[in-house]
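Welcome! Here are a few short exercises, each with a worked solution, to help you find your way around a new structure. Try each task yourself before reading on.

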Amino acid sequence: MKGIEKFSLKDKVAFVTGGARGIGKAVATGFAEAGAHIVIADLDVEEGQKTAAALAAENGVRTLAVKTDVTKPESVADLIATIDREFGHLDIAFCNAGICINAPAKDMTYEQWSKVININLTGVFLTAQAAGKYMIDKSIKGSIINTASMSAHIVNVPQPQCAYNASKAGVIQLTKSLAIEWAAFGVRVNSISPGYIGTELVKASPTLIPLIDKWNAMAPMHRLGDPTELQTVTLYLASDASSFTTGSDVIVDGAFTCF
Ligand code: NDP
């Protein structure tokens with residue numbers, strides 16, 4: 001295989017958690033355009049079904065939406081069993097579902113802290129673990145991509161979000177740990193760290209909307225990223241183009257974390 005062909009995902013099978021909308025939907029679209037069959041794994045299965053149907057119609061690939069709660073081991077096990085039954089293999093896992101809760105650390109409740117850590121860190125562990133185990137057991141040389149954040153590298157201001165920042169820093173160390181453990185099996189594990197991206201997580205949050213102008217004033221490119229601007233970096237990490245890349249975190253933030 002040479003050159004651009006290494007980026008092909010033809011006939012590979014990928015699951016995307018949080019794939020019904022936002023970054024997950026954009027990345028799932030990029031994977032489908034490169035030829036992958038797509039499983040949208042999201043709590044919002046109705047929106048997931050719409051996304052899956054559109055991807056199939058536009059790209060001629062097979063798609064499926066599976067209601068999945070990444071915080072529940074039995075739900076993740078059901079996702080893997082469904083993929084095995086329907087497709088017979090799994091090559092790419094994009095462990096991406098995540099939330100943000102803003103609260104000052106001194107007032108943050110145990111419930112708020114736990115919810116963020118459970119979805120953003122434990123959820124990534126459970127989905128990456130299930131995907132990695134499946135790939136290793138079936139001798140599949142797969143690629144796992146976890147969504148961290150620039151918040152793993154810097155502390156965002158002015159909004160207080162200590163649980164989110166801690167969860168995303170955890171995703172990077174988890175990614176490196178899995179990469180080391182699974183390198184010998186040919187399973188690669190990497191993460192991406194997006195800067196502010198214009199998805200519903202940001203644009204539909206009453207607490208975050210008033211901050212967008214402040215962030216843009218601080219940002220070297222003076223704008224939010226678009227979810228589609230994460231498609232090519234994830235295509236690289238998912239495909240054979242990145243065969244010697246594992247344990248890496250790729251920051252895509254328009255230089256926000258450079259100063
Ligand atoms: P969105 O809120 O737009 O989409 C997240 C999706 O994840 C939703 O469909 C949501 O479903 C789903 N989801 C939430 N909880 C669960 C769960 N327990 N199990 C399965 N699915 C779930 O978020 P983004 O696309 O913006 O963010 C995606 C990832 O990117 C997150 O990890 C986020 O932290 C990260 N990120 C985002 C940035 C940004 O600026 N937007 C910047 C850096 C990182 P439902 O609607 O039912 O809750």
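**Exercise 1. Find the residue that stands opposite Val 39, then work out how the two strands pair.**

Step 1: Look across from Val 39, and you meet Leu 64 in strand E3. Keep in mind that this is a predicted model.

Step 2: Widen the view to the strands. E2 covers residues 37-42 and E3 covers residues 63-67; they pair in the parallel sense, over five bridges.

Step 3: Add helix H2, residues 45-59. Together, E2, H2 and E3 form a β-α-β unit that is right-handed.

**Exercise 2. Decide how many residues of helix H8 are buried, and name what covers them.**

Step 1: Locate H8 at residues 231-238. A residue counts as buried if its relative accessible area is under 20%.

Step 2: Apply that cut-off. Six of the eight residues are buried, so the helix is mostly covered. They are Gln 231, Val 233, Thr 234, Leu 235, Leu 237 and Ala 238.

Step 3: Look for the cover. It includes helix H1 (22-33) and the strands E4 (92-95), E5 (143-147), E6 (188-194) and E7 (249-252).

**Exercise 3. Describe the surroundings of the ligand and its contacts with Ile 23, Asp 42 and Lys 168.**

Step 1: Start with the neighbours. The ligand is surrounded by 27 residues, the closest being Arg 21, Asn 96, Tyr 164, Ile 197 and Thr 199.

Step 2: Check the polar contacts. A ligand oxygen atom lies 2.8 Å from a polar backbone atom of Ile 23. For Asp 42, an N or O atom of the side chain is 2.8 Å from an oxygen atom of the ligand. In Lys 168, a polar side-chain atom is 2.8 Å from a ligand oxygen atom.

Step 3: Finish with the area. The ligand alone exposes 910 Å², and the protein buries 91% of that.

Terms used. Residues are numbered from 1 along each chain as its sequence is written. This is a predicted model: local features need pLDDT of at least 70, side-chain atom pairs count only at pLDDT 80 or more; totals for chains, interfaces and linings use all residues. Side-chain values use heavy atoms; hydrogens and water are left out. Two strands pair if DSSP finds at least two bridges between them. Helices (H or I, at least four residues) and strands (E, at least two) are DSSP runs, numbered from the N terminus. A crossover is right-handed if, with the strands pointing away from the viewer, the path from the first strand over the helix to the second runs clockwise. Buried means under 20% relative accessible area, exposed over 50%, partly exposed in between (1.4 Å probe, protein chains only). Contact means heavy atoms within 4.5 Å. A residue is near a molecule or strand if one of its heavy atoms lies within 4 Å of it. A polar contact is a pair of N or O atoms within 3.5 Å; within protein, one must be able to donate a hydrogen and the other to accept it, and residues adjacent in sequence count only if both atoms are side-chain atoms. Accessible areas come from the Shrake-Rupley method with a 1.4 Å probe; for residues, only the protein chains shown count as cover.
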